[in-house]
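Here is a short briefing to read with the model open beside you. It goes topic by topic, so feel free to jump to the part you need.

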Amino acid sequence: MKTTNSTKLKKLLLTLLLVPFLLSAQEARDYGVFTNLMLTAHPKKIAEFEAGLAAHNKKFHSDGAHQANVFFVMSGKNFGKYIWSMGPIPWSAMDNAPQNENGHNDDWNANVAAHALSESPVTYWRFDTKRSNFTKDFKLKNLAVFMLDIKRFKGQEFMGLLDKVTKVFKTKDSDEQWGIYFNELNNMDGQDMAWVNFFDSSSWMSEEDKFPQWYEEVHGEGTFMEFLKEFGDTTHGDFQELWAFRPDLSGTDGSVQSAARQ
């Protein structure tokens with residue numbers, strides 16, 4: 001039977017749609033996922049919102065797999081909003097997250113949602129243990145969140161480039177702690193990957209950027225310009241936000257155990 005161009009096109013589209021699933025099936029495993037809920041307090045009910053959020057987390061999200069922390073966005077278009085972050089937990093445990101056991105949902109609706117604006121986007125972030133760097137225990141304080149928009153069908157090329165970048169920092173700045181996370185769901189918001197640096201003092205913001213120098217020291221003279229070309233070929237753009245950990249609103253004290261992030 002003669003194959004028409006229409007049939008070939010349908011097969012091509014089906015193959016492209018299946019690529020992510022085929023790749024993930026090759027290395028299927030249970031991995032940690034963070035659930036991030038962005039909340040906006042009602043301008044006239046900030047005190048009530050924070051009180052309700054703090055009490056809810058202390059009661060329902062203080063330990064175990066479903067513990068939750070809260071971050072305050074300190075910069076950018078989301079300034080003044082809150083990030084409620086639960087995890088990391090595997091997808092297999094998502095269905096066991098607190099629902100209305102012991103009044104969980106009723107408490108959230110009455111004491112948190114009632115004092116917040118209705119728009120509350122949720123994102124799910126897969127934690128990349130291989131490329132992250134958790135070499136010592138520390139407590140959350142400040143976060144620099146760098147988000148990237150990866151070009152369609154450029155994922156594998158980008159991952160190769162990302163490996164080169166993480167090699168640079170693990171070689172030249174291994175004492176710093178950072179996490180790498182990938183958005184589990186397709187989106188048009190430029191939030192495909194997040195590189196999160198954890199820091200205590202903001203003084204690093206004024207330090208000289210040594211990445212171009214470090215990159216060439218690790219990968220060879222003249223390689224940084226090639227890096228810039230590859231970076232431009234595989235990404236659409238990026239943006240950065242600063243977050244501050246709010247222990248008063250969180251279910252934990254912000255302790256991060258390096259062994260639990262390996």
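In what order do the eight strands close into a barrel? Going round, the order is β1-β3-β2-β9-β6-β8-β7-β4, and the pairing is antiparallel. Please keep in mind that this is a predicted model. From one strand to the next, the twist averages 35°.

**Strand β7 and its partners**

- Strand β7 covers residues 177-183 and pairs with strand β8 (residues 193-199) in the antiparallel sense, over six bridges.
- Strand β4 also pairs with β7 in the antiparallel sense, here over five bridges.
- Trp-178 is a handy residue to find in the viewer: Asn-197 in β8 stands opposite Trp-178, and Trp-178 is also the bridge partner of Asn-133.
- Further along β7, Phe-182 has Met-193 in β8 as its bridge partner.
- How many of the seven residues of β7 are buried? Seven of the seven are, so the strand is largely enclosed by the rest of the structure.
- Both faces of β7 are covered. On one side the buried residues are Gln-177, Gly-179, Tyr-181 and Asn-183, and on the other they are Trp-178, Ile-180 and Phe-182.

**Around strand β1**

- Helix α2 lies across β1 (33-39), β2 (68-73) and β3 (82-89), and runs at about 10° to β3.
- Thr-35 belongs to strand β1. Its relative accessibility is 8%, under the 20% cut-off, so Thr-35 counts as buried.
- Leaving aside neighbours within four places in sequence, Thr-35 is in contact with Trp-84, Ser-85, Met-86, Met-94, Val-122, Thr-123 and Tyr-124.
- Ser-120 sits in the loop between α3 (104-111) and β4 (122-133), and is partly exposed, with a relative accessible area of 27%.
- Ser-120 and Leu-37 are 83 residues apart in sequence, yet their C-alpha atoms are 6.4 Å apart in space.
- With neighbours within four places in sequence left aside, the contacts of Ser-120 are Leu-37, Met-38 and Leu-39.

**Helix α5**

- Which residues of helix α5 (residues 211-219) are buried? They are Phe-211, Trp-214 and Tyr-215.
- Seen down the axis of α5, these buried residues fall within an arc of 105°, so they line one face of the helix.
- Helices α4 (155-172) and α6 (223-234) are among the elements that cover the buried residues of α5.
- Just after α5 comes Gly-220, which has a positive phi, near 115°.

**Salt bridges**

- Side chains of opposite charge can pair when their charged atoms come close.
- How many salt bridges does a search of the whole structure find? The search finds 10, and three of the pairs are described below.
- The side chains of Arg-246 and Glu-50 form a salt bridge, at 3.2 Å from N to O. This pair links distant parts of the chain: Arg-246 is in the loop between β9 (235-245) and β10 (255-256), while Glu-50 is in helix α2 (residues 46-60), 196 residues apart.
- Are Arg-246 and Glu-50 buried or exposed? Arg-246 is buried, and Glu-50 is buried as well.
- Glu-50 and Arg-246 also belong to a network of salt bridges that includes Asp-248.
- Asp-128 and Arg-131 meet through their side chains in a salt bridge of 2.7 Å, N to O. Asp-128 counts as buried at 6% relative accessibility, and Arg-131 counts as buried at 11%.
- Lys-139 and Asp-253 meet in a salt bridge too, with 3.5 Å from N to O. Lys-139 lies in strand β5 (residues 138-139) and Asp-253 in the loop between β9 and β10, so the pair ties together parts that are 114 residues apart in sequence.
- Lys-139 is partly exposed, with a relative accessible area of 49%, and Asp-253 is partly exposed at 43%.

Conventions
Residues are numbered from 1 along each chain as its sequence is written. This is a predicted model: local features need pLDDT of at least 70, side-chain atom pairs count only at pLDDT 80 or more; totals for chains, interfaces and linings use all residues. Side-chain values use heavy atoms; hydrogens and water are left out. Buried means under 20% relative accessible area, exposed over 50%, partly exposed in between (1.4 Å probe, protein chains only). Helices (H or I, at least four residues) and strands (E, at least two) are DSSP runs, numbered from the N terminus. The arc is that of the directions from the helix axis to the C-beta atoms. Contact means heavy atoms within 4.5 Å. A salt bridge is a side-chain nitrogen of Lys or Arg within 4 Å of a carboxyl oxygen of Asp or Glu. Two strands pair if DSSP finds at least two bridges between them. Axes are lines fitted to C-alpha atoms, for helices over the stretch in contact, and angles run from 0 to 180 degrees between N-to-C directions.
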